[in-house]
Amino acid sequence: MGDMHRLQGVGVSPGIVVGPAHLVARCMPDAPHYCITPEHRHEEEERLINALEESRSQLLKIKQDLTKQNNNPELLYILDAHRLILEDNMLRDGTVAYVKNGFNAEWAVVRYLSEVIAIFQKMDDAYLREKRSDIEQVGKRLLNNLLGHSEDSVAGFPEPVILVAEEFTPSDTLQMKHETVLGFVAQRGGRTSHTAILAKSLDIPAVVGVDKATIKISQGDLLVVDGLSGFLHINPDPHTLDKLKDKQQRYSFFQKRLLESTIQPAITKDGRKILLKANIELYSDAFKAKRLGADGIGLYRTEHLYMNRSVLPDEEELVRTFKQVVTSMKGLPVTIRTMDIGGEKQAKLFFKEGEYAGVNPAMGMQGIRFCLREERSVFLSQLRALLRIGSEGDVRILLPMISGVSELEEVLQLLAEAKDGLTEDGLNFNPDVQVGLMVEVPAAALCAKELGAKVDFLSIGTNDLIQFTLAVDRQDESVAYLYESGHPAVLRLISMAVSGGVASGIPVSVCGEMAGDPRFAALFMGMGIDELSMTPGCLPLIRRITRAMDFTQQESMANAVLASHSTTQVMSLLEEMLRSSVGNEHIFH
Ligand code: PEP
Ligand code: MG
């Protein structure tokens, strides 16, 4: 057994798993280089053609298996893109030409692909440059097949393993199978990275941002991944291992109990009904939300529809995808947020490399700004699709990153144009779809009354509200210690947003990560918020907490918390209050 270590990373998907490490290489295999004599060139050409065919069949098989298992169109697009590259005559002819000139098949692949990659790299088009990574992945598959290496994939292990790599892509995450992938550890990535969001939505415990993970961990090391605390234990001693296994058991038992308890409405002991909705990333998450008793979808992040894509989704595709969510929710409300692209949410369809970074990505061309200034027609097609789907269920439109009244007015003007266009085109739509905005920029909290007067609801996005209020980039690990959800300034802004909503007579909900934290969920209820939207996995616990508390008790706690001077004071008040009403159940959070 190797050295014992404990490393700290960022826990991005809860759950504790124990198992052997499996390191996944993310680089091209070494290709041999030799000359083929003329009499053997035909044979070599056949070997190359067979490898091309084998690679193509593998992709078809993966696609077939995935189609049976789940609904991840995002991954299917990637697989199709790879298959199309393999089927391209240029790849076949280009590599065969090298073999005809005496190159061995592996070297022919390396030479041809490096030429293609060099051409792509020079291109001014972001999408074409992005294709480079697809070409590299296809090349890797092809070389592995020529070399007879088994696929270094993230799926299909004989025994359950914990995967370790420098980085996992979102498509890797989508391919991980629960039976054989217990969890994963990555050197790179942050809490809000696309991969992290997916791991959480697929229930795969994960710790990312672990410095030098691929150097410190060896193949077969026993790992304990604690996706709750972000700790990673390598070859723990028997005593530590026992303690961790005990924590694992308590956590699983607690989760099981929560899931088994019949879904009862979230009503406080003194009869106040709280709507608990789900935040979803992929449309397939809607099934999970429904299964866990969500009262609707409070936030459907539509960025995924534009990520990992080579072509923009058209209006018809958007309508079809939205319809799947609306249908899965069986009449419950579905709040769909317009694309919040930019900043850390990169969609390479739109940005040239490095461009999305801007001067300060977190405060740059993102969300509604990006839609209005950079991609107005794409935004318009999304608005049209939303209005159309509005005639098929209780659909609400949510606008991200609004910072002032004129910006909101510009969106409302565009929405009116979308309605006119749909009328002209004779398409069915709901002209009265509810429109709300995210309160995630402090300015929006301060002007909540004025903004609220122009929309139907407000939804507080605490993830961004914290970063902008405290001037702490949520992606920057070096200032993560200052990212305090319980900071009095953040809570006061939330309280202002609630008052603004009340003054303009519209409902206010919370959809940031804070809503799924029992301590803050209880506080929000006490502040008068009666709708919370969270990662589906948090629903059972928050429902349990709601049923164990009194609104009057929450209200007086909220008053005390809002009068607090420091985060420490806030947190101790919240914890004390929660402990006295529901015991220690929330300790896993
Ligand atoms: C938020 O900012 O709180 C939010 C819900 O949006 P996102 O995490 O997608 O930025
Ligand atoms: Mg946000």
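1. Start with H22, which sits across from L163 of strand β4. That pairing belongs to a parallel match between β3 and β4 (residues 161-165), held over three bridges. Keep in mind while you look that this is a predicted model.

2. Strand β3 (residues 16-23) has another partner too: five bridges link β3 to β7 (residues 222-226), and here the two run antiparallel. If you want a spot to check on screen, go to I16, whose bridge partner in β7 is D226.

3. Now hop over to β14 (residues 457-460). Four bridges connect β13 with β14, and the two strands are parallel. Within that pairing, M438 faces S459 of β14. β14 also pairs with β15 (residues 508-510), again in the parallel sense, through three bridges. There, I460 is opposite V510 of β15.

4. What about the two faces of β14: covered or open? Both are covered, with F457 and S459 buried on one side and L458 and I460 buried on the other. As background, side chains in a regular strand alternate between the two faces of the sheet.

5. The magnesium ion (ligand 2) is worth a look next. E440 (OE) and D464 (OD) coordinate it, at 2.0 to 2.1 Å. E440 comes from the loop between β13 (434-439) and α15 (442-446), while D464 is in helix α17 (residues 462-470), so this pair ties together parts 24 residues apart in sequence.

6. Are those two acidic residues buried or exposed? With buried set at under 20% relative accessible area, E440 qualifies because its relative accessibility is 1%. D464 counts as buried as well, because its value is 5%.

7. On to the packing. The largest nonpolar core has 100 residues, and the members touching the most others are L399, I460, I494 and L532. Helix α13 (residues 376-389) supplies the largest share of this core, seven residues. You've already met I460: as noted, this residue is one of the buried ones on β14. In general, nonpolar side chains tend to be buried together in soluble globular proteins.

8. L532 makes a handy place to zoom in. Leaving out residues up to four places away in sequence, L532 touches L275, L276, K277, V510, A515, A521, F524, M525 and I542. V510 in that list is the β15 residue that stands opposite I460.

9. Last one: don't overlook the second core. This one is separate and has 28 residues, among them L66, L79, Y112 and L142.

Definitions and conventions: Residues are numbered from 1 along each chain as its sequence is written. Chains are lettered from A and ligands numbered from 1 in the order in which they are written. This is a predicted model: local features need pLDDT of at least 70, side-chain atom pairs count only at pLDDT 80 or more; totals for chains, interfaces and linings use all residues. Side-chain values use heavy atoms; hydrogens and water are left out. Donors are N, O and S atoms within 2.8 Å of the metal (3.2 Å for Na, K and Ca); water is not among the atoms, so sites may look incomplete. Buried means under 20% relative accessible area, exposed over 50%, partly exposed in between (1.4 Å probe, protein chains only). A nonpolar core is a set of buried Ala, Val, Leu, Ile, Met, Phe, Trp, Tyr and Cys residues joined through side-chain atoms within 4.5 Å. Contact means heavy atoms within 4.5 Å. Two strands pair if DSSP finds at least two bridges between them.
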